[in-house]
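This report describes a single protein chain, moving from its strands and core to its helices, backbone exceptions and cysteines. Please read it alongside the sequence and the structure.

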Amino acid sequence: MNTRSVAAAMILLGTTAIASTAAANSLTRVATVPLEAEITGLYEHGPDLFFNVQHPKKDLGNKFSRATVGVIANADWAAAEHAVPTDAAAKATVLSTLGTYQVLLQEGDVGVIKSQGGKDLLASNDPDFNGFLPIGANQGYLFTNWENRPGGMSRAMLTRGVNGNWSADLNRVTMLDFSAVNGTWVNCFGTMSPWNTPLSSEELYFDNTADWNNPEYKYIEDNKVLAAYLEGTYPNPYDYGYIVEITDPAGTAKPVKHFAMGRFSHENAVVMPDNKTVYLSDDGTGTVFYKFVADKAGDLSAGTLYAAKITQLGEAGAPSAGTALQISWIELAHGSNAEIAGWIRDFDGIGLDDYKAGGTSYITDADVAAWAAGDAADNRVAFLESRKAAVAKGATGEFRKMEGVNINYAGAADGSVPYMYLAMSSIDKTMSDGKGDIDLAENKCGVVYEMKLDANFNVGKMVPAVAGHGYDEANTPNACPVDSIANPDNVLVRADGSVVFGEDTGKHENNALWIWKR
């Protein structure tokens, strides 16, 4: 196998010498996707690997000019390294040493998002999370997120032939009805829960709720499209930014928004083998890492929300490749979906005409401060303004482009793969600004962190496992060298402990799929 060995390193952190987890491990490129396309929807089912081609370049001149949901059957995980495409034809298609990529669904077949009343609003080219629910021998439903404003999720009946050929029944492809929860917003990555329900993440990407009804806000047109989804009702901001569980997925496919898990820019949520502890990543700039502990196993409707406080185990400006981040957990509050739903309804009926420059129609910073000081009448701040609440309580709100977080469930349960992995797409801005809890040297190619799970599925440290290197803005179209990762996003952890991750970057001409082996 043509793999590159990640350099061994012994890092002196204070008085404690630690060996980098990246030492002598192998990193192998195993696929590339067409120009401008992102790799999303990593999901392993048996010997097969699902992944998507999101928002490809429109003038490729072939079938991959359309966003695609597909699969590689009988993936050859021992395959040789996939070469970087060099000719125009190779740059315009999906290529992999794992096997042949089969097209299942494409933009236009699915992904049309309609209003509550059934009017077409948009046709998505942004498939993200995939999760497969078997319902019989060689048959099941594939759930796919569509990452738009408003967002969507499709359910497609798939059949697998004995030779590994998959097919989709286009007569049994539907978009789920989210009208009961007032629609969704940017359905991003996700996981299947241990009890086989899809967990879809609303990537809110709305840092300041005060602008939600600001007519001059630069992205206000997105809110107006959401109002069109609601058939003219201006949306309540506190209806969006949650983990959405699809209950009865093979039947009514009813969505439930888990308000108790906090409102922020959810990238992903992964449930631990106790079926109670959940880790949640927060995408954007100046973000927070969260943990939720449910009251009851298998029931995410009530529990306690925590936020991470980070201590950097290295000097200010230290390289991200060799610097671990220690984690302690700050309790924010206990809550239930039912309780929080009542607080959300207090903000109904607010529209663009209610906006006043310099003020807010929603929860104020003074409200957040009062809650943090223990002077609030209830805990709505913790669940409706979770990022501000976390920082006010002393948690670290400095992460940058925090992407997928994942485990191998069986390996975590039996201890054979006792690790969780988290992709940090880029180390810059709030992670490299010379202040706060985190101050690392810039690494715009990104890092994948490893976290050891203890017997109770708690984590106390982020250790860099794979780090990008060699960023050079002038070196277009590959500002990150082709032997480096560039902006890792989706993460998949396999039963043998290897980690698969896809890129979402403009720093490689063709985004790549990588496998890293410990």
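Which residue stands opposite Gln102 in E9? The residue opposite Gln102 is Val71. The model in which this pairing occurs is a predicted one, and the confidence of the prediction is therefore taken up before the strands are described in full.

**Confidence of the model**

The average pLDDT of the chain is 95, and 95% of the residues score at least 70. Residues 1–24 stand apart from this, with pLDDT under 50 throughout. For that segment the model has 54 contacts beyond four places in sequence.

**Strand E7 and its neighbours**

Strand E7 comprises residues 68–72 and is mostly covered, five of its five residues being buried. Thr68, Gly70 and Ile72 point one way from the strand, while Val69 and Val71 point the other way. Burial thus applies to residues pointing either way from E7.

E7 pairs with two strands described here. With strand E6 (residues 48–54) the pairing is antiparallel and extends over five bridges; within it, Asn52 has Val69 of E7 as its bridge partner. With strand E9 (residues 101–106) the pairing is likewise antiparallel, and five bridges join the two strands. Val71 contributes to this second pairing through its position opposite Gln102.

**Nonpolar cores**

In soluble globular proteins, nonpolar side chains tend to be buried together. In this model the largest nonpolar core has 81 residues. Those with the most contacts inside the core are Phe50, Leu280, Tyr290, Phe292 and Leu384. Apart from it lies another core, of 27 residues, which includes Phe289, Met402, Val405 and Met420.

Which residues does Leu384 touch, residues up to four places away in sequence being left out? They are Tyr238, Tyr242, Arg263, Ile340, Trp343, Ile344, Phe347 and Ile363.

**Helix H3**

Among the residues touched by Leu384 are Ile340, Trp343 and Ile344. In helix H3 (residues 337–345), these three residues and Asn337 are buried. Seen down the axis of H3, the buried residues fall within an arc of 120°, so they line one face of the helix. The general geometry is that an α-helix has 3.6 residues a turn, so residues three or four places apart point the same way.

The buried residues of H3 pack against strand E19 (254–258), strand E24 (299–312) and strand E25 (325–336). They also pack against helix H5 (380–384).

**Backbone exceptions**

Most residues other than glycine have a negative phi, and most peptide bonds are trans. Two cis peptide bonds and two positive phi values are described here, beginning with the bonds. One cis bond joins Arg149 and Pro150, with omega about -5°. Pro150 is found in the loop between strand E13 (139–146) and strand E14 (152–160). The bond from Thr476 to Pro477 is also cis, and omega is near 10°. Pro477 is found in the loop between strand E30 (461–467) and strand E31 (488–493).

Asn182 is not a glycine, yet has a positive phi of about 60°. Val186 has a phi near 50°, again a positive value in a residue other than glycine. Asn182 is found in the loop between strand E15 (166–175) and strand E16 (187–192), and Val186 is found in the loop between E15 and E16 as well. Is Val186 buried or exposed? Val186 is buried, with a relative accessible area of 3%, whereas Asn182 is partly exposed, at 24%.

**Cysteines**

A search of the whole structure finds one disulfide. The bond joins Cys445 to Cys480, with an S to S distance of 2.1 Å. With -110° about the S-S bond, the link is left-handed. The pair links distant parts of the chain, 35 residues apart: Cys445 lies in the loop between strand E28 (419–424) and strand E29 (447–452), and Cys480 in the loop between E30 and E31.

Cys188, in contrast, is in no disulfide. The nearest cysteine sulfur to Cys188 is that of Cys480, 20 Å away. The table gives the accessibility of these cysteines.

| Residue | Relative accessible area | State |
|---|---|---|
| Cys445 | 0% | buried |
| Cys480 | 0% | buried |
| Cys188 | 2% | buried |

Notes:
Residues numbered from 1 in each chain as written. Predicted model: local features only at pLDDT ≥ 70, side-chain atom pairs only at ≥ 80, totals over all residues. Heavy atoms only, no water. Buried < 20%, exposed > 50% of the residue type's maximum accessible area, 1.4 Å probe, protein only. Helix = DSSP H or I, 4+ residues; strand = E, 2+ residues; numbered from the N terminus. Arc of directions from axis to C-beta. Contact = heavy atoms within 4.5 Å. Core = buried A, V, L, I, M, F, W, Y, C linked by side-chain atoms within 4.5 Å. pLDDT = per-residue confidence, 0-100. Disulfide = S-S within 2.5 Å. Pairing = 2+ DSSP bridges.
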